[in-house]
Amino acid sequence: MKIISWNTRGLGSKKKRRVVKNFLSSEKPDVVMIQETKKEECDRRLVGSVWSVRNKDWAALPASGASGGILIIWDSIKMRREEVVLGSFSVSIKFAMDGCESLWLSAVYGPNNSALRKDFWVELSDIAGLSHPRWCVGGDFNVIRRSSEKLGGSRLTPCMKDFDEFIRDCELIDSPLRSVSYTWSNMQENPVCKRLDRFLYSNEWEQVFPQSLQGVLPRWTSDHWPIVLETNPFKWGPTPFRFENMWLQHSSFKENFGRWWSEFQGNGWEGHKFMRKLQFVKAKLKEWNKTSFGELSKKKKDILAVLANFDSLEQEGGLSQELLVQRAFSKGELEELILREEIHWRQKARVKWVKKGDCNSKFFHKVANGRRNRKFIKELENESGLMLNNPESIKEEILKYFEKLYACPSRESWRVEGLDWSPIDGESASRLESPFTEEEIYKAIFQMDRDKAPGPDGFTIAVFQDCWDVIKEDLVRVFAEFHRSGIINQSTNASFIVLLPKKSISRRISDFRPISLITSLYKIIAKVLAGRLRGVLHETIHSTQGAFVQGRQILDAVLIANEIVDEKRRTGEEGVVFKIDFEKAYDHVSWDFLDHVLEMKGFSLRWRKWMRGCLSSVSYAVLVNGNAKGWVKASRGLRQGDPLSPFLFTIVADVLSRMLLKAEERNVLEGFRVGRNRTRVSHLQFADDTIFFSSTREEDLMTLKSVLLVFGHISGLKVNLDKSNIYGINIEQNHLSRLAVMLDCKASGWPILYLGLPLGGNPKASGFWDPVIERISRRLDGWQKAYLSFGGRITLIQSCLTHMPCYFLSLFRIPASVAAKIERMQREFLWSGVGEGKRDHLVNWDVVCKPKSRGGLGFGKISMRNVALLGKWLWRYPREGSALWHQVILSIYGSHSNGWDVNNNVRWSHRCPWKAIALVFQEFSKFTRFVVGDGDRIRFWDDLWWGDQPLGTQYPRLLSVVTDKNALISSILGYSRPFSWNFNFRRNLTDSEIEDLESLMQSLDRLHISPSVPDKRSWSISPSGLFTVKSFFLALSQHSESPPVFPTKFV
């Protein structure tokens, strides 16, 4: 079924009717919904002048004067009218169709008047109740739902909130537009564009039409684009074999698998033999599946019919003992089938938060259909701008694109000299090439996700985990052979490329991200190699790179960027920030250059041979809507989906850092200098996300551009300057525009998005948090409460809703109003019913948020989670003295008097994240204490290291007469026994003070000082003594609870 909705802005003109008629003839819809007819009456002649289909029927809502009016026309052979309801803003029709139950369609034209919108939502809510369960409503709602639905963005208005609330209350699905972002424009030189038109439909509608796609059609007239909802199922040919994890539940599976595995006898390379064994088992599995499983739905239907027969026999006079046993057996079969069905859809849905047996098959089914619909490629624009909609031509275009992408252009190899490579040491290089052990292979397999999509072999990692005892000997032989030869055969290294849309509007192949689905055997080999490589990267990767290196985190770069931009603004110094975009970063990496870099960084010949083996045998087939097409042999690039790729890319990208450092050494490039120590920061990297900080001198920027061009030429990582942006700090817009022209990039304004977080924004403004609110809102749309039990909703809040804002909360302090808004969304999701509108909240939210040990559900308050997450920075600060972020913070704010922490008296801009972090210090310090080593860093009187309170608090009279209140333990006690007791009092002590001193010395007699062990800080509420966000959060939750108040007013 194809439904078109279009606000034509009038049907009075013959010319416009002719255009509309021509348009509909070319599109061939089954239903047409037209808004703003501006006609008080729609007769047969008018309808015929709009749509030329012979067998048609229609219903209309008259216009009010020269405005409004709705006309809905349909093919009366395909759809038969049963009932029509006319409202003030809508026309709703109940249709009967062959092959499915009756359904409702509503065409709407929303009012522009905010006062009338309340009536509009009430009317639609009434229709939702009338048309339950299968309902689709479409048309011009005259309001946007989210800020992203207006060009340039919009603040969240009450009308938008009402629209969002209507969709949630009615449990409607708001599927994304596939071709463009907006459906209306004012058609001016600087246009205002919005998404005013859309289709919404119920969960039951989606069950009938699970592959519904919503898109925008060409605009022939009017200022609105026509929108279309297509419900026809699509299938483009046979899909490759995929192992079903539900097979593992069968009682005889492991026994059969072991027998099939041992049956195959083959010769040749161990890797090739292993893959042939999997192929042999695959053929056996297909036969076994037909006999043991068959069609799940058919088998389930047959069992239900048998159970219904037993029930009818029981009501006629009872069942014999034999029949009772048969019924119990059938019920057991049904339960087993339901579990298998759930595992089947869980595997397709890739949902990780829920456990097996939670009866969420409908939910998994819906998520799997949603994933498939989003990835479906209906049409594609080729390089010439021509739109392709034929399946074969789309496949050919995609295959041609990847053949070109992975073909390495012929050019001479480059070597780079004169850089500080920071090579790994000899011991690390030897450790990398040591023989593989069974334990190492086992650990790698059991660390992997068992439900991940399989590659060309079709087997998931779950098979290797559950059948480890069967396959381990063969697998160990494969690794031993790889260790000797470094060769991976082509069948082991084959890949499927699956195309995932990078944005909601994906028209060209470049709008999709190619993810490689690799064979299970290669995935295991790469996982083991990646585990080894991860252990040595910190030795050779520069501190400006934050990705895939142990001990470095993504937020480090965001903190540094925000702090140095804020400091630059505050001091009034001029500067520019240059954010670059690498063109197809992973896909363009030169293998020869990677090998050269590995050599310069001290990796052995054997390791380099292994890496060459992992790359040189790669071949791809492209999955287009589930159907594999062609094979492409690669000669460059790293696969996204290969466990090794992120680490190898980081090694290549590190060369850019080294080149920039060399330019700084030669004083031809200057980054930002921040703080009292004038710490230099010229760039930050996180994988391929790279941002530069430079002075405004044209010579510096030309040097930077030259470095980027040279790096792109030798490595293959070319910068796409068209997609790169420059941002100015304390400089005029004209100056910034000149610099942008010089760099061939765009000049843009603040704030910007860096690694998913705002840079240069104001965290106190509620608009700063709009992306978080919108993300939660979108996620709620995807779940639909109708498929979830109360327990399922609790699990979702704990695993998803509560943690979705955590990325923002880990760096910025959330305003109370935003926290309240998020908690309101959680509350409404928890207590909402199925098709019942709003329900009473049965338990106070404060009680719900309490820890489970105190009678709550353990959700916790968002503000407390925020404090706990920010506290992690305070724990990391003294432990990561060599990290770049530590040096930047120390340079800007200075050190705390205790010698461990940063100065927490931050009086500067509320925009800088560290001000919010510093405010947590008081709460954080309540749960820390010091463990004495050599005594060189712990203050004797002020720090908590002996007893439950600092010694200055325990002995206030002694503290008042010492000359140095910040004296260290080692300066008072020395390093060995007997202690030196160098207190340095200002005067002679009184009798009572002498008694205190004797008590103190007697107490410290049990103290042991270790001169060779440094002092350390301990987290007092964790058994390990190490900080965890969870322990801090629980401590805050328990300390915040007010004691119960006796209800005196009732006495």
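This report describes two sheets of a predicted model, together with the helices that pack on them.

## The four-strand sheet

One open sheet is built from four strands in the order S18-S17-S20-S21, and its pairing is mixed. Strand S18 (512–518) and strand S21 (627–633) stand at the edges, and because each has a single partner strand, one side of each is left without a neighbour in the sheet. On average, and with direction ignored, neighbouring strands here are turned by 30 degrees against each other.

Within this sheet, strand S17 (residues 494–501) runs parallel to strand S20 (residues 619–624), and five bridges join the two. Val498 can serve as a landmark for this pairing, since Leu623 in S20 stands opposite Val498.

## Helix H11 on the four-strand sheet

Helix H11 (residues 391–405) packs on this sheet, where it touches S17, S18, S20 and S21, and its direction makes about 25 degrees with that of S21. The helix has 15 residues, which at 1.5 Å a residue should span 21 Å, and the end C-alpha atoms are 21 Å apart, so the expected and computed values agree. At the N-terminal end, H11 is capped by Asn390, a side-chain oxygen of which lies 3.0 Å from the backbone nitrogen of Glu392.

Which residues of H11 are buried? They are Ile394, Lys395, Glu397, Ile398, Leu399, Tyr401, Phe402 and Leu405. As a help in reading such a list, an α-helix has 3.6 residues a turn, so residues three or four places apart point the same way. The cover over the buried residues of H11 includes strand S15 (380–381) and strand S16 (387–388), as well as S17, S18, S20 and S21.

## The six-strand sheet

A further open sheet has six strands in the order S5-S6-S7-S8-S12-S9, again with mixed pairing. Strand S5 (80–86) and strand S9 (172–173) are the edge strands, each of which pairs on one side only. Helix H4 (residues 158–169) packs on this sheet and touches S8, S9 and S12, with a direction that makes about 25 degrees with that of S12.

## Strand S12 and its neighbours

Strand S12 (residues 197–202) pairs with strand S8 (residues 135–140) in the antiparallel sense over five bridges. Along this pairing, Asp140 stands opposite Asp197, and Val137 has Leu200 as its bridge partner. S12 also pairs with S9, in the antiparallel sense over two bridges, and there Ile173 stands opposite Tyr201.

Six of the six residues of S12 are buried, so this strand is largely enclosed by the rest of the structure. Both of its faces are covered, with Asp197, Phe199 and Tyr201 buried on one side and Arg198, Leu200 and Ser202 buried on the other.

Methods. Residues numbered from 1 in each chain as written. Predicted model: local features only at pLDDT ≥ 70, side-chain atom pairs only at ≥ 80, totals over all residues. Heavy atoms only, no water. Pairing = 2+ DSSP bridges. Axes fitted to C-alpha atoms, helices over the stretch in contact; angles between N-to-C directions. Contact = heavy atoms within 4.5 Å. Expected span 1.5 Å × (residues − 1). Buried < 20%, exposed > 50% of the residue type's maximum accessible area, 1.4 Å probe, protein only. Polar contact = N/O pair within 3.5 Å; in protein donor to acceptor, adjacent residues only side chain to side chain.
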